[in-house]
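I opened this one to see how its parts are held together. My notes follow in the order I looked things up.

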Amino acid sequence: MKLYHWMTDFSGISSRTLGSPQRVYARWLAALRSGDLDRLLELYAEDAILIGDFAAGARIGTDQVRAYFRDLVHHRQFDIVPREVRFRDVGADVVTATGSYAIQFGGVRHSDPVECVPESFTMVFRRNHRTSAWLITNHHASSSPELDRAITRRGSGAGLLADSS
């Protein structure tokens, strides 16, 4: 089982360096930051399950996942700040990503205050046998104030830290 550990800086990492689930995660960040829900939903399996802090219960299927993110990114001051992520091969066609990011959002006016919600997350990526594409099948995120304090004390790093086999 391989474990890949990334921090927040994806610059300088070529597409040959990143495996497919890592590319999907980088595309997920870019789509969410831009508010492009169509591009974001292309990364989820049709029967994906999303459990997040900003809605009660599980969101099942891309229509419900779209509604979850639509409600989140409509804030004028929305951003997602990646902190760290570890990718782990758990089977021939399954990879998990576990890490943290912070969701920042304010109201719909620039004068509205900005809130930062540190979150821990897990994503499960599965390769589609028909298309060979990697898709997000499960995504769970929950707020983690303790994580915010720990990262603040430790400081932030950048780039690929380790490939521990």
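**Ground rules.** Before going to R127, I need the cut-offs for burial: buried means under 20% relative accessible area, exposed means over 50%, and partly exposed is what falls in between. By that rule R127, with a relative accessible area of 28%, is partly exposed. I also note that this is a predicted model, so I looked at confidence next.

**Confidence.** The protein chain averages a pLDDT of 75, and 71% of the residues score at least 70. Which elements sit at the two ends of the scale? Strand β2 has the highest mean pLDDT, 94, and strand β8 (residues 160-164) has the lowest, 29. Then I checked the weak stretches. Over residues 1-18 the pLDDT stays under 50, and the model has 52 contacts beyond four places in sequence for them. Residues 148-165 also have pLDDT below 50, with 26 contacts in the model beyond near neighbours in sequence. I keep both stretches out of the notes below.

**Salt bridges.** How many salt bridges does the structure hold? I get 5, and I wrote up three of the pairs.

I started with R127, whose side chain meets that of D93 in a salt bridge at 2.9 Å, N to O. This pair links distant parts of the chain: R127 is in strand β6 (residues 114-127), D93 is in the loop between β4 (79-91) and β5 (94-106), and the two are 34 residues apart. Is D93 buried or exposed? At 18% relative accessibility D93 counts as buried, because the cut-off for buried is under 20%. Its partner R127, at 28%, is partly exposed.

Next I looked at D38 and R66, whose side chains meet in a salt bridge at 3.0 Å, N to O. This is another link between distant parts of the chain, with D38 in helix α2 (residues 37-41), R66 in helix α3 (residues 62-73), and their positions 28 residues apart. I find R66 partly exposed, at a relative accessible area of 27%.

The third pair is R86 and E84, with the closest N and O atoms 3.7 Å apart. R86 counts as partly exposed at 33% relative accessibility, whereas E84 is buried with a relative accessible area of 11%.

**Aromatic pairs.** A search of the whole structure gave me 9 aromatic pairs. In one of them, the rings of W28 and Y101 have their centres 5.6 Å apart and their planes at 40°, so the pair is tilted. W28 lies in helix α1 (residues 20-34) and Y101 in strand β5, so this pair ties together parts that are 73 residues apart in sequence. Both W28 and Y101 are buried.

I then took F87 and F125, which also form a tilted pair, 6.4 Å centre to centre with 40° between the planes. F87 is in strand β4 and F125 in strand β6, so here the parts tied together are 38 residues apart in sequence. F87 has a relative accessible area of 1% and is buried; F125 counts as buried at 0% relative accessibility.

Which residues do the ring pairs link into a cluster? I listed Y25, W28, Y44, Y68, F69, F87, Y101, F121 and F125.

**The core.** The largest nonpolar core has 34 residues, and those touching the most other members are Y25, W28, L40, F69 and F125. Where do the core residues come from? I find at least two from each of α1, α2, β2 (44-51), α3, β4, β5, β6 and β7 (134-143). The largest share, 6 residues, comes from α1.

I followed F125 further and, leaving out residues up to four places away in sequence, found that F125 touches P21, V24, Y25, F87, D93, V94, V95, A97, W134, L135 and I136. D93 on that list is the salt-bridge partner of R127.

Last, I looked at L40, which lies in helix α2. L40 counts as buried at 0% relative accessibility. With residues up to four places away in sequence not counted, L40 touches W28, A31, L32 and F69. I also took one C-alpha distance: L40 and V24, 16 residues apart along the chain, are separated by 9.7 Å.

Key
Residues are numbered from 1 along each chain as its sequence is written. This is a predicted model: local features need pLDDT of at least 70, side-chain atom pairs count only at pLDDT 80 or more; totals for chains, interfaces and linings use all residues. Side-chain values use heavy atoms; hydrogens and water are left out. A salt bridge is a side-chain nitrogen of Lys or Arg within 4 Å of a carboxyl oxygen of Asp or Glu. Helices (H or I, at least four residues) and strands (E, at least two) are DSSP runs, numbered from the N terminus. Buried means under 20% relative accessible area, exposed over 50%, partly exposed in between (1.4 Å probe, protein chains only). Rings of Phe, Tyr and Trp (its six-membered ring) pair if their centres lie within 6.5 Å; planes under 30 degrees apart count as stacked, over 60 as edge-to-face and the rest as tilted. A nonpolar core is a set of buried Ala, Val, Leu, Ile, Met, Phe, Trp, Tyr and Cys residues joined through side-chain atoms within 4.5 Å. Contact means heavy atoms within 4.5 Å. pLDDT is the predictor's confidence in each residue, from 0 to 100.
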